[in-house]
Amino acid sequence: MFLKIFYISTLFATLNVAVFGQELNFEGFGRREGLNAQTITDFTEDEEGRLWIGTAGQGLVHFDGFRFELLSGTENDTVSDVGFFDNAVYYLKSSGIYKASTEGVSEHVLTQNKSFEKFWILGDSTWLIDSNGALFLSYHDKIDATDIGEVNDYLWFNNNLLALTNVGIHALLGGWHPKFDLPEAMPVYAGTEVDNTFFLATKEGVWMLNDSLYLIPGTENERVRSLCIDVCGKLWMAGRNHVLTFNGTETQSLSEINGLPSAKVRKLLTDRSGALWFGSSTAGLFMLRDMSIVTFAQEHGFPETLITATVKENDSTLWFGTVDGSVFRWRYPEMPALIYQNSGQYLRNGVSDMLQCGTAIYFSLEKEGTLVYRDNRIEGVFENARRSIAGCANYSLEVNGVVTPNNKILTSDLACENLNDIAIFNDSLVIAAACGLYFLPLRVNGSVILPDNMSTFIPADGSEVYNFTTVLNDGNGTLWLGTKNDGLLKFKNEIEVVARKSLDDQHVTGICRADDGNIWVSTMSGLSLIELSPEGDLVLNVSNYPLEYAVSPGSLQYFNGKLAFGSSKGLITFDPNGIFPDYNPPIVRINQAFVNFELPIAPELKYNENHLTFHFYAIDLADPFDVVYQCRLVGFEDDFHEVTSPVVYPQLPPGDYMFEVRARNHDGIWSEKTETISFVIDAPFYAKPGFLFAVIVISLLAIFLFVKWRVRALKEANKVLEEKVNERTKELKVERDRSERLLLNILPKETADELKQNGFAMTKSYRQASVLFSDFKGFTMMSELVSSEDLVSLLDDAFKSFDRACDQFGVEKIKTIGDAYMCATGLPLSTEDHAEKLVLFAFAMLEEMDVFNEKLAQRRLPPWQIRIGIHSGPLIAGVVGEKKFAYDIWGDTVNTASRMESSGAPNCINISGATHAIIKDKFKCTARGFVAAKNKGDMEMYFVEERL
């Protein structure tokens, strides 16, 4: 990676030392953060990312990104050197070398009787340098100084320990020789190495050594104490009274004027999270996590602090206006040039807006109006244009109106008077107001086409609900709109909300378009990048960059590959590529795990030790508050979920578990491996397999014996019950047969079966059936000769004889009506001989009446004379209603049969022509001709005489 930066062309790089006015965003750590020491002697980083800091008189301190903690046992100590060797932290003080951990000093490794300043531990060997540069091995075996010279520091390279001496570099372990020679055996004070490239600090400056020797310009005669490479490949050097940086092409100097808390830097370190650390002898410890924000302020040599408006002339020239009405042109990296200064006529005359149009620069002053800079001179004044300007025709805003090129103010009865910004878009003048978005059409010559009545001028559809603060025409057919409460909007043919929820703050103060087509917005909380699709229609991603101060409204510009904007602190440039990337995932550790709030977790736990608490951490010194944790408890849950420390699992059931936790840094890189704790929660004795097996066996045996006893008892009871059941079955059978007979006396068997099965019986149509009606002549007169009871009894005897004949001839009795008897054949089952069967039944009725009359004669009662009528034809039969079911028939055939009976003669069988047509070949009939029938007219009738 680094070799890509340092090409041979860097040999002729130019120097730009002490760039004026730049202030980087250093973060200091002092008493307020818990670090009392002002003099930092050395520091190192352990494998977890924790910082170990040696101080003068304040002991050894460790830092995890949240708090500084003094290592117990080192109070009031001066620590001269700190190192991380073989997965452990060691430090050097006057009494010897000690091994340290977060719990305190754990081991006194080496006692010394000399004043040593630096050490290096390699396996069982300890290398030390005393105050005179003499080199010792385990402090008692002195290395001959004549062989290697006075030693200043160590450098580890290619599995070899190199001594940096006053005569060059010496390999202490042998087997390696540098491929280069320093001029005149020059002393080497400090060094670092990356990708086989050495950077060595000498009395002549800092050299870069690879296949050739190159003195980095700007470092000549510098006494550099410490070197390090940041994650972007830039070299940092701690000089006498400043810090130098080298990016492969130029060297820059940073001191207090650039925000460096102290120029007396003794040690530099890039930690695993990408942050750059500085240890000083006067201001303690401070950190630089990125170089994205650079401040140009008055106290650092810049002309003005409070910048209110900016405009870009080209990629290297920026114009800016100030709160006192001054206008500057800045051609980076030169000093800004004053172009216009407030005449002093107005006390408050700040620059409110700036516009570039061709070679002209327009700027609006709050009191004087708008001025134009063209051809190196200030031209005319538009007195009324004091707020926001747009278009080369120089439209601008007053608080409650639009200013035209002829300096005329156009006022209207808008819904509100607070007009905030204007722009030219699709041949229209766009006005962004606190109550909506307004469009005034423009003529070809640039003049405004006014509506007939300005009071009817209304905002664009859907815009009246928004409070617009700023507007930008991106030149690609899209209008970008900032609002006070609803974030960023865009307009093509209609209002569309963009990234409302993704912005950290919904109050947009500025909008600009980057060279790559993406959109940057400034809010009250910082900056946001809106990444668009190549067509510019879709938002692909939104990235937020918080700031500690507000951006001056309307001052956001894309300039020199960066963002530039005004603020109360000065002119700020922001380069998102200047943020140090964090390529190393955080290392997560479980530091505490408790059972039932206080007991440590053991591999095997009892069933009631099931309330577990896990404390964990991951160190990210660059941005500890952006570390995200995820965990899961295997055996209880399948997926990771986001958490904060500690995590509590109450009332866990028995089982095998493994707790896993991982962490993610602020660049979204997750831990390479999870931290785990495995444990088993034992089941209670009553839930163990042996106990459960015994309980099951005993239970099954008890159940078996109980079942055997119950089976025997049930057999005895079943015998008694079976006898009772048989008796009841016989009784129920008798009752059922009686009910069956009663039902069959009421309904035909087929209909009765259907009614029992379905709960209802469907009516049926019959194409051919025969119906018989009969009654007794003079029945009413008979009631005068016998009592009612006797009359009914005689009628019952007669009908019973008819019923018996029905069973004999297969005739279906329908019903009796007074002395009338109604029956039919051909139903409920259709038959072809229905008429023949019914005629034979009629003859049987006459015979029964002869027997019945003989009985009447014995009682000296007059004989009963019966009339019988039969007709054949279609009819409908069935059961209707829900109660007192009765089988009945309907149709004209039934009515005609009734007329055959009433039109007949006593003791005769009167049939219709339809019936005669069926039986004429089987019975001798006497034609009666056409006889008048009630309501039927003349009908053909026959008397049946006898069977042929």
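A cavity is a set of grid points where a 1.4 Å probe fits but cannot get out, and its volume is the space filled by probe spheres set on those points. The structure examined below is a predicted model.

**Exercise 1. Describe the second largest cavity by its volume, its lining residues and their classes.**

Step 1. Three cavities of 30 Å³ or more are counted.

Step 2. The second largest cavity holds about 50 Å³ of space.

Step 3. Its lining consists of Met782, Leu785, Val786, Leu794, Leu861, Pro862 and Trp864.

Step 4. Sorted by class, this lining comprises seven nonpolar residues, with no polar and no charged ones.

**Exercise 2. Characterise the packing of helix H5 with helix H6.**

Step 1. Helix H5 covers residues 788–809 and helix H6 covers residues 834–858.

Step 2. The axes lie 9 Å apart and form an angle of about 145 degrees; the crossing of H5 over H6 is right-handed.

Step 3. On the H5 side, the contact is made by Leu794, Asp797, Ala798, Ser801, Phe802, Ala805, Cys806 and Phe809. H6 contributes Lys837, Leu840, Phe841, Ala844, Met845, Glu848, Met849, Phe852 and Leu856.

Step 4. These contact residues divide into 13 nonpolar, one polar and three charged.

Step 5. Leu794 of H5 takes part in this contact and is also one of the residues lining the second largest cavity.

**Exercise 3. Locate the cis peptide bonds that precede Pro646 and Pro828.**

Step 1. The bond from Ser645 to Pro646 is cis, its omega being near 0 degrees. Pro646 belongs to the loop between strand S61 (641–643) and strand S62 (647–649).

Step 2. The bond from Leu827 to Pro828 is likewise cis, with omega near 0 degrees. Pro828 sits in the loop that runs between strand S67 (820–825) and H6.

**Exercise 4. State the sign of phi at Asn159 and place the residue in the chain.**

Step 1. Asn159 is not a glycine, yet its phi is positive, at about 60 degrees.

Step 2. Asn159 lies in the loop between strand S15 (151–157) and strand S16 (160–165).

**Exercise 5. Assess the confidence of the model over the chain and over residues 1–19.**

Step 1. The protein chain has a mean pLDDT of 84, and 88% of its residues reach 70 or more.

Step 2. Over residues 1–19 the pLDDT is below 50, although this stretch has 45 contacts in the model beyond near neighbours in sequence.

Step 3. Where pLDDT is low, predicted coordinates should not be read in detail.

Technical notes. Residues numbered from 1 in each chain as written. Predicted model: local features only at pLDDT ≥ 70, side-chain atom pairs only at ≥ 80, totals over all residues. Heavy atoms only, no water. 1 Å grid on protein atoms, 1.4 Å probe; cavity = no way out; pocket = protein on both sides within 12 Å on 5 of 7 lines; lining within 4 Å. Nonpolar A, V, L, I, M, F, W, Y, C, P; charged D, E, K, R; others polar. Axes fitted to C-alpha atoms, helices over the stretch in contact; angles between N-to-C directions. Helix = DSSP H or I, 4+ residues; strand = E, 2+ residues; numbered from the N terminus. Left-handed = near helix turned anticlockwise from the far one by under 90°. Contact = heavy atoms within 4.5 Å. pLDDT = per-residue confidence, 0-100.
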